[in-house]
Amino acid sequence: MKTAVLLLLAFLVSAAPSTPLRAGDLDKDGIDDAAELAVARAFSPSLVWSPDESCGKHETFFQVHPDGPRRVLITYVVTFPKDCGFPAFGLGSHPGDTQEFRVQAVTDGKGWRAADLQMTWFPHVPLNGERPRIWVSAGKHHLYPSLEGCKRGLKGKLEHCGGGVEAVETLAADHNAGERGHPLLTSLARFGYSGETAWGRSDWGDELFCGGEPKRGGNGGLSSKLKHIVAWGTCGETMGLKWR
Ligand SMILES: [Ca+2]
Ligand SMILES: [Ca+2]
């Protein structure tokens, strides 16, 4: 099974334009890291912004690993130097912001298809092969799979979405977080997040992500948004990995 996955992902790499950062499988999850970049780029979201967005330059980190036979799970984490709070009240702001979502992609052996979008308040959104469109609420950065989703419920009265530019997120090769135990990313200082790390405790003494600011009150750290290996399957194969 492991061999089959590697061959299928190798096919994907050959079909997708990409520039691998490294050759091989340095994060030891059974998938060539260049293939991870290719599949993450293939289903990179189209982000819909608000014209009122002004909380600093964002970065999008990602993680790819097997999620069962003929499936991979891609986790995307969008980070900001700060959360500007709910614009309607100017409340709820804090340093550092991390917002995650996941795409489950499946293959029939000939190519890959985006099947399922998984978000905090929308656990399963069918993608039907399409690249996900994600609405980013102004200032607060809550993520929604539709404009209607942003408007729904109490939070829809506190924040707003859309009206700005829409662009497919361009994923950089050096934004692959890798896997816990075999990380491809450690310090996030070169991205402007001094003192922050991808997989460990921050230099500020907790696991919050504070956008590089030496004070508390940030969002959950990148590590808390990524999937972790918690056990090995009895067969010892890549497909036997358990994730949470
Ligand atoms: Ca890998
Ligand atoms: Ca990986």
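1. Contacts of Ile74. In this predicted model, Ile74 touches Val39, Ala40, Phe43, Phe62, Val64, Arg102, Val103 and Ala105, leaving aside residues up to four places away in sequence. Ile74 itself lies in strand 3, which covers residues 71-83. It counts as buried because 24 other C-beta atoms lie within 10 Å, where the cut-off is 20 or more. Its C-alpha atom is separated by 10.0 Å from that of Gln118, a residue 44 places away along the chain.

2. Helix 2. Two of the residues that Ile74 touches, Val39 and Ala40, are also among the buried residues of helix 2. The others on that list are Asp33, Ala34, Ala35, Glu36, Leu37, Ala38 and Ala42. Helix 2 spans residues 33-42, and nine of its ten residues are buried, so the rest of the structure largely encloses it. The list includes Asp33 and Glu36 as well as Leu37 and Val39.

3. Strand 2 against strand 3. Phe62 and Val64 are also touched by Ile74. Strand 2 runs over residues 59-66; six of its eight residues are buried, so this strand too is largely enclosed by the rest of the structure. Strand 2 pairs with strand 3 in the antiparallel sense, over eight bridges. Within that pairing, Phe61 is placed opposite Val77 of strand 3. The two strands make a hairpin with four residues between them, and Gly68 in the turn has a positive phi of about 125°.

4. Strand 3 against strand 4. Which residue of strand 4 is the bridge partner of Val77? It is Glu100. Val77 thus has Phe61 opposite it and Glu100 as its partner in strand 4. Strands 3 and 4 are antiparallel and share twelve bridges. Strand 4 takes in residues 94-107, and eleven of its 14 residues are buried, so it is largely enclosed by the rest of the structure. Arg102, Val103 and Ala105 are among the residues that Ile74 touches.

5. Strand 4 against strand 5. Six bridges join strand 4 to strand 5 (residues 112-118), and the two run antiparallel. Arg102 stands opposite Gln118 of strand 5. Arg102 is also a contact of Ile74, while the C-alpha atoms of Ile74 and Gln118 are 10.0 Å apart. The hairpin of strands 4 and 5 has four residues between the strands, and Gly109 there takes a positive phi near 100°.

6. A four-stranded sheet. An open sheet is formed by four strands in the order 8-7-1-9, with mixed pairing. Its edges are strand 8 (143-144) and strand 9 (166-168), each of which pairs on one side only. Strand 7, residues 133-136, pairs with strand 8 in the antiparallel sense over two bridges. In strand 8, Leu143 is the residue opposite Val136.

7. The protein as a whole. It contains five helices and 15 strands. Of its 244 residues, 41% count as buried. Among contacts with a separation of 6 or more, 56% are between residues 24 or more positions apart.

8. Confidence. The mean pLDDT of the protein is 83, and 79% of the residues score at least 70. What is the pLDDT over residues 1-8? It stays under 50, and the model has 15 contacts beyond four places in sequence for this stretch. Residues 230-244 also have pLDDT under 50 throughout, with 30 such contacts in the model.

Methods: Residues numbered from 1 in each chain as written. Chains lettered and ligands numbered in written order. Predicted model: local features only at pLDDT ≥ 70, side-chain atom pairs only at ≥ 80, totals over all residues. Buried ≥ 20, exposed ≤ 12 C-beta atoms within 10 Å, placed from the backbone. Contact = placed C-beta atoms within 7 Å. Pairing = 2+ DSSP bridges. pLDDT = per-residue confidence, 0-100.
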